[in-house]
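Work through the following exercises with the sequence and the coordinates at hand. Each task is followed by a solution that goes step by step.

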Amino acid sequence: MKLYGVAGWKNSGKTGLVERLVADIAAQGIRVSTVKHAHAGADIDTPGTDSFRHREAGAAEVMLVTPSRWALMSELRGKPEPSLAEAIARLGPTDLVIAEGWKREGHPKVEAHRAVTGHPLIADADPSIRAVASDTPDEVTWAGGPIFDLDDTAAIARFILADVGVQ
């Protein structure tokens, strides 16, 4: 299982890029999974549903199984959030994992960058960033690797797959 990240500041285009990369890579017949880090608490369950009620009652984990998907929800109940490695260990077999977020971890990453955010490149201080994908690629100055147009999904996907050796 290979790991590649998409990192960037808030509103830099990370989620859209991950969505497009997954579609492009999956269309090539490569099994791809994702993990997403969120800084705020997020709830994927709806109040009032049976699974929500199970969690609220104190279940450590609740698995919801339907004919089209299953989901496993774990309650931390004061324990520290799992590391990226621990999260990936819970995934089923896959060719490539794309991690959105975890910008301070050491795995290889593409930085999503939008000039409008006003933030400097993370890549300037982070050697784990192998490429930058920007909405203003002609205005980005960075000597650490290739600079892609944020919307050139096919080129970014080719770069990632070549970088991790997945074809």
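**Exercise 1.** With which residue does Arg55 form a salt bridge in which the closest N and O atoms are 2.5 Å apart?

*Solution.* The model is predicted, so local features need pLDDT of at least 70 and side-chain atom pairs count only at pLDDT 80 or more, while totals for chains, interfaces and linings use all residues. Residues are numbered from 1 along each chain as its sequence is written, and side-chain values use heavy atoms, with hydrogens and water left out. Apply the criterion for a salt bridge, a side-chain nitrogen of Lys or Arg within 4 Å of a carboxyl oxygen of Asp or Glu: the partner of Arg55 is Glu75. Next, locate the two residues: Arg55 is in helix 2 and Glu75 in the loop between strand 4 (70–74) and helix 3 (84–89), 20 residues apart; here helices (H or I, at least four residues) and strands (E, at least two) are DSSP runs, numbered from the N terminus.

**Exercise 2.** Find which residues are joined into one network by salt bridges that share partners.

*Solution.* Start from the salt bridge between the side chains of Arg55 and Asp45, at 3.7 Å from N to O. Adding the bridge from Arg55 to Glu75 gives one network of Asp45, Arg55 and Glu75.

**Exercise 3.** Classify the members of this network as buried or partly exposed.

*Solution.* Buried means under 20% relative accessible area, exposed over 50%, and partly exposed in between (1.4 Å probe, protein chains only). Arg55, at 7%, is therefore buried, Asp45 is buried at 9%, and Glu75, at 27%, is partly exposed.
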